[in-house]
Every structure is written in C-alpha cells, then in structure tokens.
Amino acid sequence: MKAIEFNEITKSFGDFYANSGITFSINKNDVHCILGENGAGKTTLMNILYGIHKPDSGKLLINGSEVHFNSPLDAISHKIGMVHQHFMLIEDFSVLENVILGNEISEFDVIDFKKSREIINALIKKYRLNLNIECKISDLNISQQQKVEILKLLYRNSDILIFDEPTSVLSPVEIHEFFKIVDEFKSEGKTVIFITHKLKEVMEISDKVTVLSRGKVTFEKRTKDEGLDLSELSRAITGKEETHSDPENIKNDTEGEVVLTMKDICLFKDKLPKLKDFEIRLSRGEIYGVCGVEGNGQNEIADLIMGFENNYSGELIRLTKKVSIIPEDRNKKGMIKEYSIGENFVLKFKRNRYVSDNQVRKISEDVSQNFDVRLSSVDSDLDSLSGGNQQKVIFARELTADNDIIILMHPTRGVDINASGFIHKKILEERNKMKAILLISSDLDELIKLSDRLGVIYNGKIVKEFDKSELNRNYAEGQFSEKNPKNKFDIYEKIGMYMIGLADEE
Ligand SMILES: Nc1ncnc2c1ncn2[C@@H]1O[C@H](COP(=O)(O)OP(=O)(O)O)[C@@H](O)[C@H]1O
Ligand SMILES: [Mg+2]
C-alpha cells in the first residue's frame, strides 16, 4: 500500500529547477530516508508534500488519490505533519500554547485549556517526551524544542510524519531517544519520512532510501529487503566510485606554544552555574575537541574566549586577540542575510580599511573557488544559497581571516558528506599551520577523527580528557564495519557515559 506517490513533480524558482520530474513512492508504514547533497531539492519536495509550495507540474497522490494542496492546512487535513529544518515555534509562548496554536479545541470560541492540557500530557507520557508544558520555548534547548515540534504533529494526529534533518542538531544520546520515538511511530502504523546526511543512521533506521541529486532521483533501494550496504549508499550519494575517504590526520610533532589558558573558571548566568572549575589549555598546532550534550557550557566557553562574557571568576589568559569563530547559530550570529554573499565574505575586515566593490568581488570569487562554494554570483543575497553553502561562506571567511585561535562550533552541522569531508580537510590544514583550534561539536565521529585531545564537558566542567592515542587505538580497533556495526560502540559508549554524567570523573 502506498502512502505517497510523487509523479513527475517539477518545481522551479526563476530559471532554476529545484525539482525536475521527480517520480517515486513511499510505502505506508515505512521509514523512508531521503538523501542527497545540500541543494539537491529535498526540502523543496517536502514543502510540496506539505502544501507550502505548489509544483509547476506533476501529480501528488496520498493513499492512492490525487491531491491538490493550496496550503499546509490541506496537508494537515490529510494527516500529514512536518518538522522543519528550522523550527517554527514562538519563543515567548509556552509549550502548551505552541502545541495548540491553530488546533484549539474550543467550544463557543473559548479555548478549552483543561482538555488540551490533558491530551498533551498524555502524549508526553506515552512517547516519554519528558517536557513541562508550561515552560517557555526560549527556556528549552534544541532537542526539547524538537520534541515540541513532534508533539504538535502528534496532537494533530498525523499519520505521515516528515522530519527534515532532525538529527543534525542532536547529540548521540538524543538521537538514540529520537530513534525510539520513530520506532514507536512505526509500531503504530505511521509513515515516517526522514532526511539526513548521516549514512549510519540511514542504515540503522530506514526501510527504504531515495537519493536526490540536482533535483532528480538518482538512486532508490530498500535497505534490508534488498541488502543495501553502506559503501553502495555512499557511492550513490557522492557519485564517486570509491567510497568517501576521510582526510588523513597526520600531525606534525612540533610542540606549540600555549595560547589560551582557562583555570578554575566559574560563570553564573541568571544565578545558575554555567561553568564551574572549568579548565582547559590550548596550544598552537593542536585541535582540542569539546564534546557534550548541548547546554552543558559549550556556548559559555566560546563567549568567554571571544570576550562577550566578563562576569566570571578564575583565570583566563589569552595570548592573542586574533580569534576566529564559527558560531553555533550561524543564522543569528554568523552572517547578515540581507547582505550579498560578497559583503558577507569581507565583513571581518571592512571595519579597518576601505574595500572597493571590485575588491570585494575579487576576494569573494577567489575564496569561494578555494572553498568550493557553489554560487551563481557573489552579488546575490546570502539567503539565496542552500544551508550548506551558507555555512561554507562563513567557514571560508573565518578561516582566511588573520587568526591564531579558531573556535569552531558544529562546523559541519547540516552539511552534506562531500562538503563535510572538505571542511575537515581544511581544519586539519589550519592545525598544521600551527593554529590553535577549539572544536566544539556534538558529532562524535567528527570529534574522534579530528581531535588531538578530546574533553568531555558535563555540567560546565571537563569531566574527562582523552588523548589522541587513546582515541585512535579505540577507533581503529572498533572501526565501524558492515560486518560488525556494533563494534565501534566501545569508545563511543565510554564517551557517551561521561556526556550524560553516568561515569565518574577522573
Ligand atoms: N524559495 C526559493 N527561492 C529560490 N531558490 C530556492 C528556494 N527554495 C530553494 N531554492 C533553491 O533550490 C535548491 C534546492 O534547495 P533545497 O530543496 O532547500 O535543497 P536541500 O534541502 O536538498 O538542501 C537550492 O539551490 C536552493 O537555493
Ligand atoms: Mg534542506
């Protein structure tokens, strides 16, 4: 039984075809993964399914009948729900208010909060979402906000659930929780569409995959039923014969000077301790990885080093002012969307000297070529680029700036595997130029691959440090293989236990 059929769906923006002639179907009760590089057209297709965009041509069938959606309300009435790549929540509203918004149970135009509260609390319990419905959205972390989005769909009784890159913002523990929820959906007969860049997740959770490239379907296969393996999937996505290879991580042996020391740092925000007895030493020529569940002090470390936060006790010695940063929330802090791509490139040095439009263009063209940013013109708005390419613009700007310390927060979040391999290569190059790099990430693969030392942060404190030899040994021994997919979880599980505070401090 087919839940969804896309039949020759085409959608253009101006003369650019985001979807062209897309035909495939999604079985009822499958977990169906959609994959493809940044800008391949995945979100566009999901926006069509959710009634946000109308296709230029082609047919969409739901449960066997053709539909014409004029807005998301039409999709919702067909029991389709979507969690967007960027959440759509009102920060000043409570969980309860966000969930019932637009779905109020009312009698004579008075919202029946009591009834809604009961229903929502029952759903929270059933799916173990662990949310307080009176909390304001602005007080929740990303994973909790995502749960509110999920709650919205459940409250509307959605049968077809679309998740656009839900796991790129989650830590391993949270991903595990999310997968449990997906399993629950499956056991209830729901259909799940799941967009991700992480191939191991695909192998773990999907029944079927569809790969898009430049707006077209390039690959389709059932995961277990048809024996899809990781290398075949990787080839299908990158279009390369050999599987995607990681850049080699060879470190030069020169001991670098310590450029940053933080000792006994305590930091309170709104009377809550955010960092306590925090210690770190960062030297030139090394990558120090910080890993932890989001909200354990990672943002505060970055703010302190950047000098945005002065209200702390303890010792902070920074031997240089030249610090580059890729912030966590690149949309809010890393760029100015209304500026052109070129203007965003030169944001960092425009303050100090005059730069002509021609220079801006020249510099941005050079950099975008060097960093493989796919753009039509550096004069277009930054907003016109796909998320992964926007990330590359910020990355390129920060890496080419004159710097000694580079703080990278989730540098490859939401970036496709080609681009993320590229970004990793550039990070290693900078390290080998004797830059001091602080890598804050929730992607354990990335951290293990790149870090020379890895600190696990829990409740504002580094509770455990792993050195490179320990990571390497464990990683090589436990290297993920198709024959033995569980093997790798040794070191992963070890780090994971520290991340959630279940292992004793050393
Ligand atoms: N509203 C829009 N206006 C103009 N171009 C768009 C719009 N939405 C998407 N695009 C373009 O369509 C292409 C596909 O985007 P998208 O579907 O978001 O890709 P994906 O989700 O696979 O990364 C991108 O090149 C993007 O710039
Ligand atoms: Mg997308």
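1. A residue is called buried when its relative accessible area is under 20%, exposed when it is over 50%, and partly exposed in between, with a 1.4 Å probe and protein chains only. By that rule Q298, E300, I301, A302, D303, L304, I305 and M306 are buried in helix α9, so eight of its nine residues are buried (helices are DSSP runs of H or I with at least four residues, strands are runs of E with at least two, and both are numbered from the N terminus). After α9 comes G307, whose phi is positive, near 85 degrees.

2. The model is predicted, so local features need pLDDT of at least 70 and side-chain atom pairs count only at pLDDT 80 or more, while totals for chains, interfaces and linings use all residues. Residues are numbered from 1 along each chain as its sequence is written, chains are lettered from A and ligands numbered from 1 in the order in which they are written, and side-chain values use heavy atoms, leaving out hydrogens and water.

3. Six strands form an open sheet of mixed pairing in the order β6-β9-β10-β3-β11-β12, where two strands pair if DSSP finds at least two bridges between them. The edge strands, each pairing on one side only, are β6 (80-83) and β12 (216-222). Within the sheet, β9 (residues 160-164) and β10 (residues 191-195) run parallel and are joined by five bridges, and the partner of I160 in β10 is T191.

4. Around ligand 1, α1 (42-49) and β2 (16-27) each supply at least two residues of the shell, and α1 gives the most, with three residues.
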